[in-house]
Amino acid sequence: MKKTILIFFAACTTMITGCAKQFVSFDEAYPQEQLLTNWKFAYSETEQLPTEGWEDVEIPHDWAIFGAFDKKNDLQVVQVVQNGETEATEKTGRSGGLPWMGYGWYETTLVIPEKACEHYTLLFDGAMSNAVVSIDGEEVGRWPYGYNSFHFDVSQYLTPGTHKITVALQNKPESSRWYPGAGLYRNVHLIGSSKEHIPVWGTQITTPDVKDEEATVRVRTHIVGQKNSVVRVRMHIKYGVDVVTETEEEITLASDTTEVERELTVRKPKRWSPEHPHLYTLETNINDDKPYKQRFGIRTIEYNPEKGFLLNDSVRKFKGVCLHHDFGALGTAVHRGAIRHQIRLLKEMGCDAIRTSHNMPAPELVELCDEMGMMMMVESFDIWDLQKTQNDYHVLFEEWAERDMENMVKHYRNNPSVVMWSIGNEVWNQTKEDGWKTAEWLQSICHRLDSTRPVTCGMDQAWCVFDNGFAATLDIPGLNYRTHRYTEGHQKLPGKLILGSETASTVSSRGTYKFPVIYAPDRLYEDNQSSGYDVEYCSWSGLPDQDFALQDDYDWTIGQFVWTGIDYLGEPSPYDTDAWPSHSSYFGIIDMAMLPKDRYWLYRSQWNTEEPTAYVLPHWTWPGREGEITPIFAYTSYPEAELFINGKSEGRRHFMSRAEADTARTVELGSFEVAGWGSAPRPELLPRYRLMWLDTKYEPGEICVKFYAHRGDKDAVDEVIRRTAGEVTKLHLEQMNDKDDARKEGLYYFTVGAMDKDDILCPEADNLINFSIRGDGKIEGVANGNAASLDPLKGQEMHLFKGLATVIVSSKSGNFTLKAESDGLKNASIRRE
């Protein structure tokens with residue numbers, strides 16, 4: 001029976017005068033409406049419900065991102081054993097330097113009408129953390145793990161009348177190695193249905209047989225209802241608006257929860273892939289109710305010891321990145337526009353996969369990876385039962401691990417973008433004699449709930465995992481770094497493929513270049529920055545070139561996930577020990593202002609096979625360095641290039657072949673210094689992937705690099721010019737994200753740059769920029785990509801870093817004018833309508 005239900009949401013408490021109202025209409029059997037924007041929030045340092053300090057907030061909401069950076073917020077004295085430390089040291093900025101610890105309280109009021117649904121479910125996409133949910137003062141349920149989605153049957157509580165929902169959260173000190181965020185940072189849903197209904201994540205769709213002519217779609221659906229009652233079940237599959245196949249029948253429910261299994265045939269299936277992300281929708285009607293909708297894709301995956309990874313019968317290697325869950329200036333509060341912008345930038349680089357490190361993702365990320373074409377490794381935990389920090393997941397593992405795993409797999413097993421599960425990251429169990437038993441147990445949960453995808457785990461202790469059974473237990477052994485032990489792993493794990501589950505961890509700061517150029521780990525400088533020449537790394541990590549070579553040279557490697565695609569709050573290595581004010585990462589290919597670093601173009605030159613890449617570094621504005629050696633690199637997909645400085649040729653360069661590198665084992669590096677090898681002892685690999693002029697000397701003017709389609713060609717097909725900038729005279733505003741994406745999602749990214757009179761970017765400008773907006777727009781955040789900047793991310797002003805900064809604007813209508821101002825400079829404005 002079709003029901004139309006009006007639910008009135010009023011965010012009010014006994015402590016607050018005035019209410020924020022919202023009406024939601026349920027006119028179908030399985031509506032899913034966000035519980036939404038108008039909640040009340042209060043922060044407390046104790047577990048007592050606050051009597052003051054309540055404010056209106058919009059969900060999703062990260063309470064900590066509004067705070068000020070402060071060394072005291074997350075100061076830790078710890079020994080990071082996995083990084084090789086032998087004693088405890090003062091760690092600054094380890095989890096972002098923001099006030100994410102403490103207690104957070106959320107309240108909203110629901111008014112349920114007389115004619116209500118027969119069944120209600122309250123679904124949380126994520127709540128950070130230790131959530132306790134109550135209705136009218138009575139506890140409904142709790143879920144401690146902040147990254148997982150969870151739901152409660154609240155039918156008995158939501159009778160006609162007024163009800164107050166309270167969510168209490170607690171973030172404990174030393175419960176995270178990075179910035180976790182805080183609050184109801186993901187969406188909350190109220191689901192209303194009739195007595196006979198499909199529960200949350202109650203449908204599983206697989207495609208056991210896929211051919212060009214037809215595909216078999218197997219559907220397993222759980223139906224909840226009264227035993228022995230008769231229900232009519234209609235299933236049909238749509239591609240767009242077209243029905244491609246359907247089935248209908250009456251069934252008698254054998255119990256309170258009955259599984260219905262059906263197979264449907266789709267003719268001429270359109271297969272899902274990153275290049276062609278075709279999606280279908282299964283619609284299931286129970287009696288006369290409106291359909292339950294479940295989106296899915298048709299595709300095949302295979303992990304073959306002889307061939308490698310195959311998607312739709314074609315061999316490919318993962319060109320992936322690891323991502324943490326924060327969005328820079330937006331904090332962890334989920335926004336589809338931010339996720340869409342991230343994916344768009346990564347796909348332009350040639351990236352085709354994301355690892356959700358080291359936790360369950362937001363549903364919006366998985367949905368957009370389905371839509372936009374991005375494969376996923378969905379990861380569960382950073383810790384099992386052996387701790388990394390005092391209050392991390394090890395205190396929950398025994399009681400909650402199985403339930404957390406079940407929620408994760410059930411939630412995302414229908415998403416075609418998900419091609420692999422990960423059960424952990426660098427867990428200490430890998431070093432224990434019986435650690436494989438825990439790995440086997442977690443892997444068995446994945447296999448029980450989803451037999452179509454393999455399981456991996458990121459391992460960094462290569463000295464033991466090949467011999468103690470841990471790596472052999474996994475479907476796909478994943479190595480974090482340890483590039484020098486890949487071949488050993490392949491030899492000791494017969495029949496196994498090797499995945500680079502976490503690679504590189506090269507460190508750099510956008511637009512920053514250090515002289516002399518030194519290939520070395522753990523380089524520290526007074527300005528708390530790292531060199532953009534992409535030759536600096538941590539003692540336990542390496543450079544992109546090593547991973548490129550492993551993937552190019554061995555069929556038994558199946559790709560990599562780079563640490564990390566985008567900078568994030570926390571883990572500011574190598575400036576993580578008594579090095580405040582550094583408080584965000586240097587690992588990103590893209591910085592925290594969503595501005596690509598030089599390394600972006602190195603990966604693009606290897607990964608983007610659809611469009612050519614031609615990029616040159618560094619900038620060419622170096623007052624005071626006249627006559628000094630200033631190396632020039634080109635990241636390109638072209639095989640050869642020639643450098644000109646002020647019109648004079650500095651010679652051609654071409655890429656070294658594998659044979660040349662293997663024969664040489666060393667390379668003429670000119671002024672290039674190699675020191676403190678760390679775990680990256682192969683500088684001879686650089687000429688395989690970078691064109692380098694190492695002994696060039698700076699002179700003001702212009703550098704031009706001409707690129708050739710073939711070695712020895714006379715005529716260039718592309719060129720890049722860098723010119724010396726003059727004094728800063730003006731500002732320039734430009735929209736960064738796709739205009740259609742911005743209007744669709746209501747989120748706009750703009751870059752402001754400091755320019756000279758000839759419109760050349762001034763790369764050392766650090767002016768303070770003030771932003772203002774007129775019309776239907778709100779400034780949501782500001783950032784500059786400087787890991788040591790203490791400027792608030794939620795203000796309306798930001799210093800430029802290396803000439804650039806970012807401002808993020810939300811707008812429902814897309815009609816606004818943004819203005820950027822700075823003392824002594826010509827202002828800039830941009831209009832959107």
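Let's start at Asn312, which sits in the loop between strand S23 (308-311) and strand S24 (314-315). Before I go on, please keep in mind that this is a predicted model. Is Asn312 buried or exposed? Its relative accessibility is 15%, and the cut-off for buried is under 20%, so Asn312 counts as buried. A polar atom of the Asn312 side chain lies 2.9 Å from the backbone oxygen of Trp272. If we set aside the neighbours within four places in sequence, Asn312 is in contact with Arg271, Trp272, Ser273, Arg299 and Thr300. So Trp272 turns up twice here, once in that polar pair and once among the contacts.

Now, salt bridges. The general idea is familiar to everyone in this room: side chains of opposite charge can pair when their charged atoms come close. How many salt bridges does the model have? The count comes to 55, and I'll walk you through a few.

One of them joins Lys268 and Glu213, with the closest N and O atoms 3.0 Å apart. These two come from distant parts of the chain, 55 residues apart. Lys268 is in the loop between strand S19 (257-267) and strand S20 (280-286), while Glu213 is in the loop between strand S15 (203-210) and strand S16 (214-224). Lys268 counts as exposed, because its relative accessibility is 52%. Glu213 has 42% relative accessibility and therefore counts as partly exposed.

Another bridge brings together Glu261 and Arg218, at 3.9 Å from N to O. Again the pair links distant parts of the chain, with Glu261 in strand S19, Arg218 in strand S16 and their positions 43 residues apart. Glu261 is partly exposed, with a relative accessible area of 35%, and Arg218, at 23%, counts as partly exposed too.

The next one is Arg652 with Glu642, where the closest N and O atoms are 3.7 Å apart. Arg652 lies in strand S38 (residues 648-654) and Glu642 in strand S37 (residues 640-645), so this bridge ties together parts that are ten residues apart in sequence. What is the accessibility of each partner? Arg652 is partly exposed, with a relative accessible area of 31%, whereas Glu642 is buried, at 13%.

There is also a network of salt bridges, if you'd like something to click through afterwards. Its members are Arg295, Arg336, Arg340, Glu367, Glu371 and Glu745.

On to the empty spaces. There are ten cavities of 30 Å³ or more. I picked the second largest cavity, which has a volume of about 160 Å³. Which residues come closest to its centre? Of the 16 that line the second largest cavity, they are His324, His325, Phe327, Ala362 and Leu365. By class, that lining divides into nine nonpolar, six polar and one charged.

The second largest pocket has a volume of about 970 Å³. Its lining has 40 residues, and those closest to the centre are Pro596, Tyr615, Arg722, Leu761 and Leu804. Several elements give two or more residues to this lining: helix H1 (336-349), helix H9 (598-607), strand S35 (614-617), strand S42 (718-723), strand S43 (730-735) and strand S44 (747-755). The class count for the pocket lining is 22 nonpolar, eight polar and ten charged.

Let me stay with H9 for a moment. This helix is mostly covered, with eight of its ten residues buried. Among the buried ones are Asp598, Arg599 and Arg604, along with Tyr600, Tyr603 and Trp607.

Last, some backbone geometry for those of you who like torsions. As a reminder, most residues other than glycine have a negative phi, and most peptide bonds are trans. Where are the cis bonds I want to show you? One joins Met128 and Ser129, with omega about -5°. The other runs from Phe515 to Pro516, with omega near -5°. Ser129 is in the loop between strand S9 (119-124) and strand S10 (131-135), and Pro516 is in the loop between strand S31 (498-504) and strand S32 (518-521).

In that loop between S9 and S10 we also find Asn130, whose phi is positive, near 55°. Asn130 is partly exposed, with a relative accessible area of 23%. Asp759 has a positive phi as well, near 65°, and lies in the loop between S44 and strand S45 (768-775).

Conventions:
Residues numbered from 1 in each chain as written. Predicted model: local features only at pLDDT ≥ 70, side-chain atom pairs only at ≥ 80, totals over all residues. Heavy atoms only, no water. 1 Å grid on protein atoms, 1.4 Å probe; cavity = no way out; pocket = protein on both sides within 12 Å on 5 of 7 lines; lining within 4 Å. Points joined across faces, edges and corners; volume = space filled by probe spheres on them. Nonpolar A, V, L, I, M, F, W, Y, C, P; charged D, E, K, R; others polar. Helix = DSSP H or I, 4+ residues; strand = E, 2+ residues; numbered from the N terminus. Salt bridge = Lys/Arg side-chain N within 4 Å of Asp/Glu carboxyl O. Buried < 20%, exposed > 50% of the residue type's maximum accessible area, 1.4 Å probe, protein only. Polar contact = N/O pair within 3.5 Å; in protein donor to acceptor, adjacent residues only side chain to side chain. Contact = heavy atoms within 4.5 Å.
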